[in-house]
Amino acid sequence: MSEYDTVSADVQHEEEIPEDHPRYQDLITRHRIENGVEKGITHLQGMHAEGRGSAFDYLLGEETIPSADAAERVAAAHLLLAEQPVLSINGNVAALVPGEMVALADAVDADLEVNLFNRTPERIEAIAEHLREHGAEDVKGLTADARIPNLDHQRAKVDADGIYAADVVVVPLEDGDRAEALQEMEKTEIVIDLNPLSRSPQVAEVPIVDNIIRAVPNMTVHAEELATASEDELRAIIEEFDRERALEAAEERIRNGV
Ligand code: ATP
């Protein structure tokens, strides 16, 4: 029995998980989602989504593959060029990377908007408060005074001066219907999802096949590096990107390990 078998299944604090544990990132992720459910931030269904993501991440080697890193740089370029960029936050995103989303929003001057599949006023407020605790000053999604066309009532709710008006949206772990509906609104959609075959990355202009825990901080690093780049340089980075190739590279890694 290795020393790691002694990590309790019922971890109370992240610090109890040793950083050199071979499954450290996965254990942290599970712990944050469980915490999110307990705090009323994450819906129970978020645990299933996390389980699916975890399986794909295992097959990807639990690392940011080169095509994902390139997509993260392209995403940063889009966000820096955007007129009105918005980062969409659901229950899993809020539980996993609240401070990291606030840092990305700061780096590219984007708004944060809470947007939930299972929407209740209590969860919206709990998530907004959680983001404020992590440094967010202004959180959108509470007004919900506009609707995404071609979606059922609850899932269509957005802020008129937020996602509805945005030209570039980052939608991590998004459900396929809403990703398709946003695409039909002709927004530049950046999706973070560990499953390259899922509908959301399939419709995204920039599919990022990576764990959100790694993807978001890396997008911020790229945005900081590109902060002084000219518009022409940013456009050149975007034009070079091949979304089909990025999806194929991720699928190849998952299926064949290469
Ligand atoms: P579809 O997009 O076709 O509706 P789905 O029903 O599998 O697919 P959801 O349950 O709506 O998708 O969302 C879960 C998605 O989020 C899965 O594709 C999963 O791989 C992904 N996912 C879960 N955890 C993470 C994570 N930490 N980082 C990135 N992606 C994740």
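A polar contact is a pair of N or O atoms within 3.5 Å; within protein, one must be able to donate a hydrogen and the other to accept it, and residues adjacent in sequence count only if both atoms are side-chain atoms. This is a predicted model, where local features need pLDDT of at least 70 and side-chain atom pairs count only at pLDDT 80 or more, while totals for chains, interfaces and linings use all residues. Residues are numbered from 1 along each chain as its sequence is written, and side-chain values use heavy atoms, with hydrogens and water left out.

**Exercise 1.** Find which residues come nearest to the ligand, and look at the polar atoms there.

*Solution.*
- Step one: there are 19 residues around the ligand (a heavy atom within 4 Å of it). R52, D193, S198, N211 and I212 come nearest.
- Step two: take R52, whose side chain places a polar atom 2.3 Å from a ligand oxygen.
- Step three: turn to the backbone. An N or O backbone atom of G176 is 3.2 Å from an oxygen atom of the ligand, and a polar backbone atom of L194 is 3.2 Å from a ligand nitrogen.

**Exercise 2.** Work out how helices α1 and α2 are oriented to each other.

*Solution.*
- Step one: locate α1 at residues 24–38 and α2 at residues 45–60. Helices here are DSSP runs (H or I, at least four residues), numbered from the N terminus.
- Step two: their axes are 10 Å apart, at an angle of about 170 degrees. Axes are lines fitted to C-alpha atoms, for helices over the stretch in contact, and angles run from 0 to 180 degrees between N-to-C directions.
- Step three: α1 and α2 are therefore roughly antiparallel (over 145 degrees; under 35 is roughly parallel, 65 to 115 roughly perpendicular, the rest oblique).
- Step four: in contact (heavy atoms within 4.5 Å), residues of α1 including I33 and V37 meet residues of α2, among them M47 and S54.

**Exercise 3.** What angle do α2 and α12 make where they cross?

*Solution.*
- Step one: helix α12 covers residues 243–256, and its axis comes within 7 Å of that of α2, crossing at roughly 85 degrees.
- Step two: the pair is therefore roughly perpendicular.
- Step three: F56, L59 and L60 of α2 meet A250, R253 and I254 of α12.

**Exercise 4.** Describe how α3 meets α10.

*Solution.*
- Step one: α3 (residues 66–81) and α10 (residues 212–225) have axes that come within 8 Å and cross at roughly 60 degrees.
- Step two: that makes α3 oblique to α10.
- Step three: among the residues in contact, L79 and L80 belong to α3, and M219 and H222 to α10.

Notes. Helix = DSSP H or I, 4+ residues; strand = E, 2+ residues; numbered from the N terminus.
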